Amino acid sequence: MTQLDPLLPEAHVNVDDRPAMDWPTDPWDSTDQTGSVERLRRQTRPIKWVVYTSMVLMTAVILIAGAVGWWYLGKINPEGDPSALQSFTVPEGADFNDVTELLFDEGYISDVGVWERYVGDEPIDIVPGFYQLRANDHMGNVLARLRIPPAQTSTSVTFPEGFTIARMARRVDAVIERMGEAEFIAAAENVSVFARWLPPGTNTLEGLLFPDTYSVSNADTEAQLLDRMVALMERVGEQEDLEAKARQLGYTPYEVLIVASLIEREAAVAEDRAKISRVILNREFVDMNLEIDASVYYGRDRNGIDPDLPFSEIRQIDTPWNTYLRNGLPATPIANPGRASIRAALNPAPNPAPGDPICVDLPNPSECFYLFYVLANEDGGHAFAATFEQHEANIREFAGIEFGGG
């Protein structure tokens, strides 16, 4: 082997003359190694697909769960405003499933399954009776109303003095959702309610219902309400000693209530009540027709007479309440009187003293009786007279006066 001179420049060395040398192995130059790297990249693709698919599925699950939740909430709390309160009746013997079916059929819930899940594993024990529910309401509100027994849910209704059964029925219909006008009238006129002072054969409770404010529960029926009104009238009558004082006047208790109803409809100011009571008693005593306009109007309403007829024609139509054509008291009370009118009926004002202006010109001033009255001012006050001539003078003086009290 030729040895190179180390002093010679490197440029003069012929590369081709260099001896063959063993180069070290570079792992990066190995095709096996590079091929191995490519294979690793291909193996990561299934993992990426698994991750991607999982994310898609999770998103789908979230969206589906959100949609179901939104649907569920929509069933619990429907869109839009709830309706007005409506009557819902739970019949005797109905269980939770029966009530659920009724709620669905009548539109108070829109899904039976959602309702049952909302109520939970312990369904409520619903008491039979009347409830007030709103359609399209939150299930929680429906459930809350059903949890309150009917006897604990009440509505107040006020009947002013002088209301007839017909007007009371309209008030009931307007105030108490589950009671109706026709049903109230029917219950008041089939006399299923016991009334102590109602004469045999009389088929109306007119005049026997005390006007007051009543709390009516959802467990009450029309007949039960009427029974309470009759009971209160009898209680007031006892407080006013109605039976004993009626005998002193020559009346029955029922006749006192007739007189009280006439006073209630005729008197607008307190001081006139007892005087009108005296006029009625005096006219009966001297056998004069009462000629009370309010009773004629009541007979018109009860007999379906055209209300547009002038009064001069109405009073020529014979009815059991026409006190122009019939002698004595009308057939029944013409309204339901309050305590003040009952008291006035039992305690008529004394007749005027001989020195009273309406008595001084009489042949015998000691025999001076209240027999006539006419509207004398816009407050509803009346002018009273002892003779027809005085009455005609009062009519001329106060002609054109209209009562402004309504």
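Contacts that reach far along the chain dominate here: residues 24 or more positions apart account for 62% of the contacts with a separation of 6 or more, where contact means heavy atoms within 4.5 Å. Keep in mind that this is a predicted model, in which local features need pLDDT of at least 70 and side-chain atom pairs count only at pLDDT 80 or more, while totals for chains, interfaces and linings use all residues. Residues are numbered from 1 along each chain as its sequence is written, and side-chain values use heavy atoms, with hydrogens and water left out.

**The overall picture**

The protein has 14 helices and 6 strands; these are DSSP runs numbered from the N terminus, with helices being H or I of at least four residues and strands being E of at least two. Of its 406 residues, 38% are buried. Buried is under 20% relative accessible area, exposed is over 50%, and partly exposed is in between (1.4 Å probe, protein chains only). The accessible surface comes to about 23900 Å², and carbon and sulfur atoms hold 53% of that. Areas come from the Shrake-Rupley method with a 1.4 Å probe, and for residues only the protein chains shown count as cover.

**Salt bridges**

Across the whole structure, a search turns up 9 salt bridges, each being a side-chain nitrogen of Lys or Arg within 4 Å of a carboxyl oxygen of Asp or Glu. Here are some of them:

| Pair | N to O distance |
|---|---|
| Glu 238 and Arg 196 | 2.5 Å |
| Arg 196 and Glu 243 | 3.3 Å |
| Arg 228 and Asp 220 | 3.2 Å |

Which residues does Arg 196 share a salt-bridge network with? Its partners in that network are Glu 238 and Glu 243. Arg 196 and Glu 238 meet in a salt bridge. Glu 238 sits in helix H7 (residues 222-239) and Arg 196 in the loop between helix H6 (181-189) and strand S4 (213-217), so this pair ties together parts that are 42 residues apart in sequence. Glu 243 belongs to helix H8 (residues 242-249), so its pairing with Arg 196 in the H6 to S4 loop ties together parts that are 47 residues apart in sequence. Arg 196 is partly exposed at 37% relative accessible area, and Glu 243 is partly exposed at 32%.

In the Arg 228 and Asp 220 pair, Arg 228 is partly exposed, with a relative accessible area of 32%, whereas Asp 220 counts as buried at 13%.

**A buried arginine without a partner**

Arg 278 is placed in helix H10 (residues 270-285). Arg 278 is buried but has no salt bridge, and the nearest side chain of opposite charge, Glu 284, is 11 Å away. For charges, Lys and Arg count as positive and Asp and Glu as negative; His and the chain ends are not counted. Setting aside neighbours within four places in sequence, Arg 278 is in contact with Pro 348, Ala 349, Pro 350, Asn 351 and Tyr 370.

**Around helix H11**

Helix H11 (residues 293-302) has buried residues Ala 294, Ser 295, Val 296, Tyr 298, Gly 299 and Arg 300. Their cover includes helix H9 (253-266) and helix H12 (311-314). After H11 comes Gly 304, with a positive phi near 65 degrees.

**A negative patch**

Where is negative charge gathered on the surface? Asp 95, Asp 98, Glu 101, Asp 105 and Glu 106 form such a patch. Patches are made of residues with over 30% relative accessible area and no salt bridge, with like charges joined within 9 Å and nonpolar side chains (Val, Leu, Ile, Met, Phe, Trp, Tyr) within 5 Å. A charge is placed at NZ of Lys, CZ of Arg, CG of Asp or CD of Glu. Asp 105 lies in helix H2 (residues 96-105) and is exposed at 53% relative accessible area.
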